[in-house]
Amino acid sequence: MAQNDVLLRVEGLSVAYGHITALRDVSLEVHRGEIVVLIGANGAGKTTLLETSLGINTPQAGSIIFKGRTISGLPADRNVRAGLCLVPEGRGVFASMSVLDNLLLGAHHNMRNVDRNLKRVYQWFPRLEERKNQIARTLSGGERQMLAIARSLMSAPELIMVDEPSLGLAPIIVNDIFDILVHLNREGYTILLSEQNAYKSLKCAHRGYVLETGKVTLSGSAAELLNDPGVREAYIGA
Ligand SMILES: Nc1ncnc2c1ncn2[C@@H]1O[C@H](COP(=O)(O)OP(=O)(O)O)[C@@H](O)[C@H]1O
Ligand SMILES: [Mg+2]
């Protein structure tokens, strides 16, 4: 793929928390228009990778390049304005606020076009419009995940990073969440997601990377990874 199709490039990234190394020399790419999944067990470094890409952690080594510009070291709010966003693990919805206020918070880095973005978000998530005055605490787990994704769309991102969207959700709801990610991808959003749910995420992704204790151990097309005996044994259970 052409060089200018690379939306996010992570190069030789190492991140440590004190003396705990969370990522070791990790490199990956996300091309414009792709869904890329980062597969890894608990503690593999998925959240660290996404948070560091957003600008929440400072890397020990390596660089993060977004739309051809090195962004490592820049603050997260600036990266959000440039078109990056993260739907955090555990959703990060403000439980005591209404659905609408949660959505408006997502827009605070990009107050231009709030009405237009809200209208579009309500088209994709009609259930959130019906519940716009409801307190977020009273939403179901799946609805909260939808709210978290919808909130991220309010900053008009180009790359949506989603950290373990299926965590704690019933299988049927997980299908709805992945359907929405596929739909958003068809609408033009590029998506990088992390998952322990390898089977369902690879079914909707174009490519994937396997992360094990802070290192990328395997990468390939979704079909290659789905057929890889090691992936099947460790992450799919077949
Ligand atoms: N704030 C932190 N302080 C110390 N260690 C951390 C912190 N966050 C994560 N870690 C450690 O870094 C490693 C990677 O964690 P994480 O990125 O959360 O993995 P994952 O999201 O794949 O479960 C783990 O060993 C974890 O214990
Ligand atoms: Mg995590």
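Tutor: Helices and strands here are DSSP runs, with at least four residues for a helix and at least two for a strand, numbered from the N terminus. Keep in mind that this is a predicted model.

Student: Thanks! How many helices and strands are there in the protein chain?

Tutor: Both kinds of element occur in the protein chain. Among the helices are H1, covering 46–54, and H7, covering residues 171–186. The full tally is 10 helices and 10 strands.

Student: What radius of gyration does the protein chain have, and what would a compact globule have?

Tutor: The C-alpha trace spans about 45 × 40 × 40 Å along its principal axes. For 238 residues, a compact globule would have a radius of gyration near 18 Å, so the value for the protein chain agrees with that at 17 Å.

Student: What percentage of the residues count as buried?

Tutor: A residue is buried if 20 or more other C-beta atoms lie within 10 Å of its own. Contacts tell us about the fold too: among those with a separation of 6 or more, 68% join residues 24 or more positions apart. As for burial, of the 238 residues, the share is 43%.

Student: Let's turn to the ligand. Which element gives the most to the shell around ligand 1?

Tutor: The shell includes Tyr17, Ile20, Ala22, Gly40 and Asn42, and also the residues Gly43, Ala44, Gly45, Lys46, Thr47 and Thr48. Strand S2 (20–31) and helix H1 (46–54) each supply at least two of the shell residues. With three residues, the top contributor is H1.

Student: How many nonpolar, polar and charged residues does that shell have?

Tutor: Ala and Ile count as nonpolar, Lys as charged, and Gly as polar. The shell around ligand 1 includes Ile20, Ala22, Gly40 and Lys46. By class, the count is four nonpolar, six polar and one charged.

Student: Is H1 mostly covered or mostly open, and how many of its residues are buried?

Tutor: The buried residues of H1 are Lys46, Thr47, Thr48, Leu49, Leu50, Thr52, Ser53 and Leu54. After the helix comes Gly55, with a positive phi near 110 degrees. H1 is mostly covered, and its buried residues number eight of nine.

Student: Why does Ser53 count as buried?

Tutor: Ser53 sits in helix H1 and touches Leu8, Val10, Ile64 and Met161, leaving aside residues up to four places away in sequence. Its C-alpha atom is 11 Å from that of Leu159, although the two are 106 residues apart along the chain. Ser53 is buried because the number of other C-beta atoms within 10 Å is 26.

Student: And Leu23: is it buried or exposed?

Tutor: Leu23 belongs to strand S2, and its contacts beyond four places in sequence include Leu13, Val15, Gly45, Thr48 and Gly214. The C-alpha atoms of Leu23 and Glu212 are separated by 9.4 Å, with their positions 189 residues apart along the chain. Since Leu23 has 27 C-beta neighbours inside 10 Å, it counts as buried.

Student: Asp25 has a positive phi; how does it count for exposure?

Tutor: Asp25 also lies in strand S2, and its phi is about 50 degrees although it is not a glycine. With 13 other C-beta atoms within 10 Å, Asp25 is therefore partly exposed.

Student: Where is Arg91 found?

Tutor: Arg91 is not a glycine, yet its phi is positive, at about 75 degrees. Arg91 has 22 C-beta neighbours inside 10 Å, so it counts as buried. Its place is the loop between strand S6 (84–87) and helix H3 (99–106).

Student: How far apart are the end C-alpha atoms of helix H7?

Tutor: H7 has 16 residues, and at 1.5 Å a residue they should span 22 Å. The model agrees with this, its end C-alpha atoms being apart by 23 Å.

Student: Which residues of H7 are buried, and what arc do they cover?

Tutor: The buried residues are Val174, Ile177, Phe178 and Leu181. They lie on the same side of H7, because the arc they cover around the axis is only 95 degrees.

Student: Which exposed residues does the face turned away from the buried side carry?

Tutor: The buried residues of H7 are covered by elements including strand S3 (35–39) and helix H6 (141–153). The face of H7 turned away from that buried side carries the exposed residues Ile172, Asp179, His183 and Arg186.

How values were computed: Residues are numbered from 1 along each chain as its sequence is written. Chains are lettered from A and ligands numbered from 1 in the order in which they are written. This is a predicted model: local features need pLDDT of at least 70, side-chain atom pairs count only at pLDDT 80 or more; totals for chains, interfaces and linings use all residues. A residue is near a molecule or strand if its C-beta atom, placed from the backbone, lies within 6 Å of it. The expected span of a helix is 1.5 Å times one less than its number of residues. A residue is buried if 20 or more other C-beta atoms lie within 10 Å of its own, exposed if 12 or fewer, and partly exposed in between; C-beta atoms are placed from the backbone. The arc is that of the directions from the helix axis to the C-beta atoms. Two residues are in contact if their C-beta atoms, placed from the backbone, lie within 7 Å. The radius of gyration is taken over C-alpha atoms; the globule rule is 2.2 Å times the number of residues to the power 0.38.
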